[in-house]
Amino acid sequence: MGISLLGLLSLAACGGTASGRKVSAPASGSAGAPAGAPTGTSTGAPADKPVGAPASAQASAPAAAAAPILHAGDFVLTQGPETAGFILDTSPDKQANPQIAESKIASCLGVPLADIQDHATEMTDGPYFSSTDGLTTVASQAEIAPAADVTRDAAILTRAQAPTCFGQLFFQSFQEGVATTGAHATLNSTRSLTPPTGATGAIRMSVTVTANGKRVPVTIDIIIIMSGRVESSLLVIQVNGLPDPTREQNLTRQVAGKVARQSGLTAA
């Protein structure tokens, strides 16, 4: 099951980049290009016209439909109108993040391990945003995976036990991160959330963080956007209240728009 979903909560809990994950960024020269747009220029003969082939063979050979080369860094949340009121921040620290074993997910969902194993070819964490009042945090993550995996993972999200399984397992990572600050976190509830338009699914966790004798309510929303060969996730953490649904819709719209454009890309 998409490791991007696993790493996202630990990203917010501990910061930094999960050990063992390949982190990518948009290739140089892509600044200002549409998300996922091909970067650089190819050299040499086109794939369907091999060097040295007779002209007649080149003309008659059917053009091969090469799949576009996608970069995970083109499908995360970036600065824009949707992040107005936020400041570009960094993760709290750079320690390695804990990873949730796929075997635990399979056991909770009641499916064979082979049914949730991840085959992502590239993963990346997006920029880290904080509201100016310090009460809202937003992070994102994306991965490129085989289309079959993306379709499978979208179906897994519809399972009745998925919100409970993912919520409880994600919370373990969050709890470990909170503990490093000397505080304690308690999971009150986890449930499916009606996803913003453009999202595949969403999960909401209600948490209480106790620090210095004070109990603080925290809401954690995970919004998942899956399509084609891309799995993107948004993490919204709100202290003292619920995340603003209009803000979540705007954030989702940016990422969903990037994911939707992947089908229009040409092979690099």
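**Entry 1: salt bridges**

How many salt bridges does a search of the whole structure find? I ran the search on this predicted model, and three salt bridges came up. I kept a general point in mind: side chains of opposite charge can pair when their charged atoms come close.

I began in helix H4. Asp-149 forms a salt bridge with Arg-152, and their closest N and O atoms are 3.8 Å apart. Both residues lie in H4, three residues apart, which is about one turn of the helix. Arg-152 also meets Asp-153 in a salt bridge, at 2.9 Å from N to O.

Next I asked myself: is Asp-153 buried or exposed? Asp-153 has 0% relative accessibility, so I logged Asp-153 as buried. Arg-152 comes out at 18%. The cut-off for buried is under 20%, so Arg-152 counts as buried too. Asp-149 is also buried.

Then I turned to the strands. The side chains of Asp-221 and Arg-204 meet in a salt bridge, 2.7 Å from N to O. This pair links distant parts of the chain, with Asp-221 in strand E7 and Arg-204 in strand E6, 17 residues apart. Both Asp-221 and Arg-204 are buried. I also checked for shared partners. Asp-149, Arg-152 and Asp-153 are joined into one network by salt bridges that share partners.

**Entry 2: aromatic pairs**

I searched the whole structure for aromatic pairs and got two. One of them is formed by Phe-171 and Phe-174. Their ring centres are 6.4 Å apart, with 35° between the planes. Why is this pair called tilted? Planes under 30 degrees apart count as stacked and those over 60 as edge-to-face, so an angle between these limits is tilted.

I looked up where the two rings sit. Phe-171 and Phe-174 both lie in helix H5, which covers residues 162–179. They are three residues apart, about one turn of the helix. I noted 8% relative accessibility for Phe-171, so Phe-171 counts as buried. Phe-174 has 8% as well, so Phe-174 is buried.

**Entry 3: nonpolar cores**

Phe-174 turned up again here. The largest nonpolar core has 32 residues, and Phe-174 is among those with the most contacts inside it. The others on that list are Leu-109, Phe-166, Val-207, Val-209 and Ile-220.

I listed the elements that give two or more residues to this core. They are the helices H3 (102–109), H4 (147–156) and H5, and the strands E6 (201–211), E7 (214–227) and E8 (230–239). Which element gives the largest share of this core? H5 does, with eight residues.

I also found a second, separate core of 22 residues. It includes Phe-75, Val-138, Ile-225 and Val-230.

**Entry 4: positive phi**

Last, I checked backbone angles. Most residues other than glycine have a negative phi. I noted two Asn residues that have a positive value.

Phi of Asn-212 is near 55°. Asn-212 is found in the loop between E6 and E7. Is Asn-212 buried or exposed? Its relative accessible area is 82%. The cut-off for exposed is over 50%, so Asn-212 is exposed.

Phi of Asn-240 is near 60°. I placed Asn-240 in the loop between E8 and helix H6, which covers residues 245–260.

Key:
Residues numbered from 1 in each chain as written. Predicted model: local features only at pLDDT ≥ 70, side-chain atom pairs only at ≥ 80, totals over all residues. Heavy atoms only, no water. Phe/Tyr/Trp six-rings, centres within 6.5 Å; stacked < 30°, edge-to-face > 60°. Helix = DSSP H or I, 4+ residues; strand = E, 2+ residues; numbered from the N terminus. Buried < 20%, exposed > 50% of the residue type's maximum accessible area, 1.4 Å probe, protein only. Core = buried A, V, L, I, M, F, W, Y, C linked by side-chain atoms within 4.5 Å. Salt bridge = Lys/Arg side-chain N within 4 Å of Asp/Glu carboxyl O.
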